[in-house]
Amino acid sequence: MLTVVHEPVVVQVPAKVNLHLGVGDPRPDGYHELATVFQALSLHDTVSVVPAHGLEVRVRGEGSRFVPTDNRNLAWRAAEALAAHVGREPKARITVDKGIPVAGGMAGGSADAAGTLVALDAMWGLDLPRDDLRRIAAGLGSDVPFILLGGTALGTGRGEDLTTVLTRNSCHWVLAFAKGGLSTPDVFAELDRLRAKGLSDGPGDDAQGRRQPGLRRLGSADDLLQALAAGDASRLGPVLGNDLQAAALSLRPDLRRTLAAGERAGALRGIVSGSGPTCAFLCADEDAALAVSLELAGEGVCRTVRVASGPVPGARVLGDDHDD
Ligand code: ATP
């Protein structure tokens, strides 16, 4: 009997950090209106697919034991959504290798959904227009369209209406992965609770003990967009902002120590990434990022420290551009 061995299609998908995350009031559909600037980082999951008799998801690597492998997995849902779109059975074995922390505010699940769309589009020979993939992605989650696109982008609506942002120079980041995760819906709910009570984030929550703006809402992203266009990291640090930070710190007060330690170690600025609990530290250059990462790793204020840069491309098949 002839056994056919299929080479897997392998897709690399980036994590994201929000350089600006402005959160509006909850809408009637339960989602919050967002104005955000995403950046794709050189911290990746890989999604590999091969043909199979049914649908199967396997997850390996960073935090994989916390990830479901049934229809709660976003990769599974992506396979079903793509198959339904083209009227075929979702038959594939999907293997996810996680490098992005689970429930870390870096869009790991969304990355796997985006990776699955791109991988199955290639394996099934669909060659769907990017616009179709983008629409299916938007139905899977607010961050999924950005992970398809990559780079740096302004997102409005639930974050899925995207405009590419021009940037000069790379940004150099140190990422502090926390012990445990935070549930994104819990963090939004905490923000609503704090806002309803008019509570402040509390004093002394930055490295110098200055009172942070707390619940004051972020203004427009214009200053940030100008700093990105100028490519000046020292201008970028002060204009990074995240409306979810007060809520993440309220649920995880220990992150204040992490943020303070990174800034003490020489980062230009530390922020909670998305809904947290990962903290992201912007550094002046690659050497500074390395120095900050070494110092932070020795402080015992987080589980793991990684260095990354951005912007990087969105989900892409490895080997497609002959440089992998
Ligand atoms: P975001 O930044 O988009 O809000 P996140 O990075 O904080 O999300 P994820 O890593 O996407 O969080 O995981 C959130 C939850 O989603 C996990 O607790 C996990 O149970 C579930 N999940 C479903 N599919 C995946 C996946 N492929 N990878 C990781 N988590 C997944």
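Two residues are in contact here if their C-beta atoms, placed from the backbone, lie within 7 Å. Keep that in mind for the views below, and note that the model is predicted.

**View 1. M106 and what it touches.**
M106 sits in the loop between β4 and α2. Setting aside residues up to four places away in sequence, M106 touches A15, K16, V17, I100, P101, S273, G274 and T278. S275 is 169 residues from M106 in sequence, yet the two C-alpha atoms are 8.3 Å apart in space. Is M106 buried or exposed? M106 has 29 C-beta neighbours inside 10 Å, so it counts as buried.

**View 2. The annotated binding site, with A107 and G109.**
An unreviewed UniProt entry marks a "binding site" that covers P101, V102, A103, G104, G105, M106, A107, G108, G109, S110 and A111. Two of its residues get a closer look here. A107 belongs to the loop between β4 (92-98) and α2 (108-123), while G109 is in helix α2. A107 counts as buried because it has 33 C-beta neighbours inside 10 Å. G109 is buried as well, because 28 other C-beta atoms lie within 10 Å. Leaving out neighbours within four places in sequence, A107 is in contact with A15, K16, D143 and I147. Two of those partners, K16 and D143, are the subject of the next view.

**View 3. The annotated active site, K16 and D143.**
The unreviewed UniProt entry lists K16 and D143 under "active site". They are spread over 128 residues of sequence but cluster in space, with a largest C-alpha distance of 8.7 Å. K16 is found in strand β1, and D143 lies in the loop between α3 (130-140) and α4 (144-149). Why do both count as buried? The cut-off is 20 or more other C-beta atoms within 10 Å. K16 has 31 of them, so it is buried, and D143 counts as buried because it has 28.

**View 4. Contacts around K16 and D143.**
Here is the same pair again, this time with the residues around them. Neighbours within four places in sequence are left out for both. K16 is in contact with F38, Q39, A40, L41, M106, A107, D143, F146 and I147. D143 is in contact with K16, A107, S110 and G159. So which residues of the annotated binding site does D143 contact? They are A107 and S110. For K16, the binding-site contacts are M106 and A107.

**View 5. The largest nonpolar core, around L117.**
The largest nonpolar core holds 95 residues, and A75, A114, L117, W173 and V174 touch the most other members. At least three residues of this core come from each of domain 1 (9-166 + 312-317) and domain 2 (171-309). Zoom in on L117: apart from neighbours within four places in sequence, L117 is in contact with A78, L82, L133, I136 and A137.

**View 6. Where domain 1 meets domain 2.**
The domain assignment splits the protein into domain 1 (9-166 + 312-317) and domain 2 (171-309). Taken over C-alpha atoms, the domain centres are 24 Å apart. Domain 1 puts 25 residues into the contact, and domain 2 puts in 33. On the side of domain 1 that touches domain 2, the elements giving two or more residues are β1 (9-26), β2 (32-50) and β5 (152-157). Which of them gives the most? That would be β1, with eight residues. By class, this side of domain 1 has 16 nonpolar, nine polar and no charged residues.

**View 7. Stepping back to the whole protein.**
To place the close-ups, here is the full model, with 10 helices and 12 strands. The radius of gyration is 20 Å, close to the 20 Å that the globule rule gives for 324 residues, so the protein is as compact as a globular protein of that length. Along the principal axes, the C-alpha atoms fill a box of roughly 70 × 45 × 35 Å. Buried residues make up 47% of the 324. Among contacts with a separation of 6 or more, 74% are between residues 24 or more positions apart.

Technical notes:
Residues are numbered from 1 along each chain as its sequence is written. This is a predicted model: local features need pLDDT of at least 70, side-chain atom pairs count only at pLDDT 80 or more; totals for chains, interfaces and linings use all residues. UniProt positions are given in the numbering used here, feature names are shortened, and annotations may be inferred rather than shown by experiment. Helices (H or I, at least four residues) and strands (E, at least two) are DSSP runs, numbered from the N terminus. A residue is buried if 20 or more other C-beta atoms lie within 10 Å of its own, exposed if 12 or fewer, and partly exposed in between; C-beta atoms are placed from the backbone. A nonpolar core is a set of buried Ala, Val, Leu, Ile, Met, Phe, Trp, Tyr and Cys residues joined through C-beta atoms within 7 Å. Domain bounds come from an automatic or database domain assignment. The radius of gyration is taken over C-alpha atoms; the globule rule is 2.2 Å times the number of residues to the power 0.38. Ala, Val, Leu, Ile, Met, Phe, Trp, Tyr, Cys and Pro count as nonpolar, Asp, Glu, Lys and Arg as charged, and the others, Gly among them, as polar.
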